[in-house]
Amino acid sequence: VEAVHLIADGKAPRIPQPKEGATYEGIQKKENAEISWDLPAAALHNWIRGHDKVPGAWASIDGQVVTFYGSSLLDASVPAGQELAIKGASRPGLVTKNGLVVFGNDGKMVLVRNLQFEDGKMIPASKYFSADEKTALELTEEEKKMAEDIR
């Protein structure tokens, strides 16, 4: 009760909290979430997962910022895939049927499942090279009739 009265009267002591020993980390900013490729695979995985969803760990691919989401450590032989040059990486990534495989400086692998481009478009990493392909929707005769009925 005494504390409440001190606050109400504007006489409560104000003691600033010391910064030493504080554990709160400020809000992360996108510019601070760039992936450093000079890390072992476990650290790359932790960096990507630690920035998943906000602000999103990113790297530069083909001159644009690409954000990586959904990583996991990959403990297998190097899978077959199409090479993808990533700025700053000592070894190109591999676009495989399961996603994008990137390599730590220890030679171990991290599998990234989703990529997001600067325009906000998100794709499965396995579809990186087919992301720009446009496929036309072709309807069967039955579907065309149904579409016309709906119209």
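The exercises below work through the fold, the strand pairing and a few residues of a predicted model.

**Exercise 1. Describe the overall build of the protein chain, and state how its radius of gyration stands against that of a compact globule.**

Step 1. Start with the secondary structure: the protein chain has three helices and seven strands. Along the sequence these follow the pattern α-α-β-β-β-β-β-β-β-α.

Step 2. Take the dimensions next. The C-alpha trace spans about 80 × 55 × 30 Å along its principal axes. A compact globule of 151 residues would have a radius of gyration near 15 Å, whereas the protein chain has 24 Å.

Step 3. Turn to burial and surface. Of the 151 residues, 28% count as buried. The accessible surface comes to about 10,900 Å², and 52% of that surface belongs to carbon and sulfur atoms.

Step 4. Finish with charge: there are 18 positive and 22 negative side chains, and the centres of the two sets lie 2 Å apart.

**Exercise 2. Work out which strands pair with E2, and in which direction they run.**

Step 1. Strand E1 (residues 57-61) is joined to strand E2 (residues 64-74) by five bridges, and the two run antiparallel. Within this pairing, Trp58 has Thr67 as its bridge partner.

Step 2. E2 is also joined to strand E6 (residues 109-116), here by seven bridges, again antiparallel. In this pairing Phe68 stands opposite Leu115.

Step 3. Look at Gln116, which is found in strand E6. Leaving out residues up to four places away in sequence, Gln116 touches Val65, Val66, Thr67, Tyr69, Lys121 and Met122. Its C-alpha lies 10 Å from that of Ala57, although the two residues are 59 apart in sequence.

**Exercise 3. Decide whether Ala59 and His51 are buried or exposed, and list what each one contacts.**

Step 1. The cut-off for buried is under 20% relative accessible area.

Step 2. Ala59, in strand E1, counts as buried because its relative accessibility is 1%. Beyond its neighbours within four places in sequence, Ala59 is in contact with Trp37, Gln64, Val65, Val66, Phe68 and Ile86.

Step 3. His51 lies in the loop between helix H2 (41-50) and E1. With a relative accessible area of 7%, His51 is therefore buried. Its contacts, with the same four-place neighbours set aside, are Gln28, Ala33, Gly56 and Ala57.

**Exercise 4. Find the cis peptide bonds in the loop between H2 and E1.**

Step 1. Recall the usual case: most peptide bonds are trans.

Step 2. The bond from Asp52 to Lys53 is cis, with omega near -10°. Lys53 lies in the loop between H2 and E1.

Step 3. Val54 and Pro55 are also joined by a cis peptide bond, with omega about 0°. Pro55 has its place in the loop between H2 and E1.

**Exercise 5. Account for the backbone and surroundings of Asp62.**

Step 1. Locate the residue: Asp62 lies in the loop between E1 and E2. The hairpin of these strands has two residues between them.

Step 2. Check the backbone. Most residues other than glycine have a negative phi. Asp62 is not a glycine, yet its phi is positive, at about 50°.

Step 3. Check the surface. The cut-off for exposed is over 50%. Asp62 counts as exposed because its relative accessibility is 65%.

Notes
Residues numbered from 1 in each chain as written. Predicted model: local features only at pLDDT ≥ 70, side-chain atom pairs only at ≥ 80, totals over all residues. Heavy atoms only, no water. Helix = DSSP H or I, 4+ residues; strand = E, 2+ residues; numbered from the N terminus. Rg over C-alpha atoms; globule rule 2.2 N^0.38 Å. Buried < 20%, exposed > 50% of the residue type's maximum accessible area, 1.4 Å probe, protein only. Areas by Shrake-Rupley, 256 points an atom, 1.4 Å probe, with all protein chains shown as cover. Lys, Arg positive; Asp, Glu negative; His and termini not counted. Charge placed at Lys NZ, Arg CZ, Asp CG, Glu CD. Pairing = 2+ DSSP bridges. Contact = heavy atoms within 4.5 Å.
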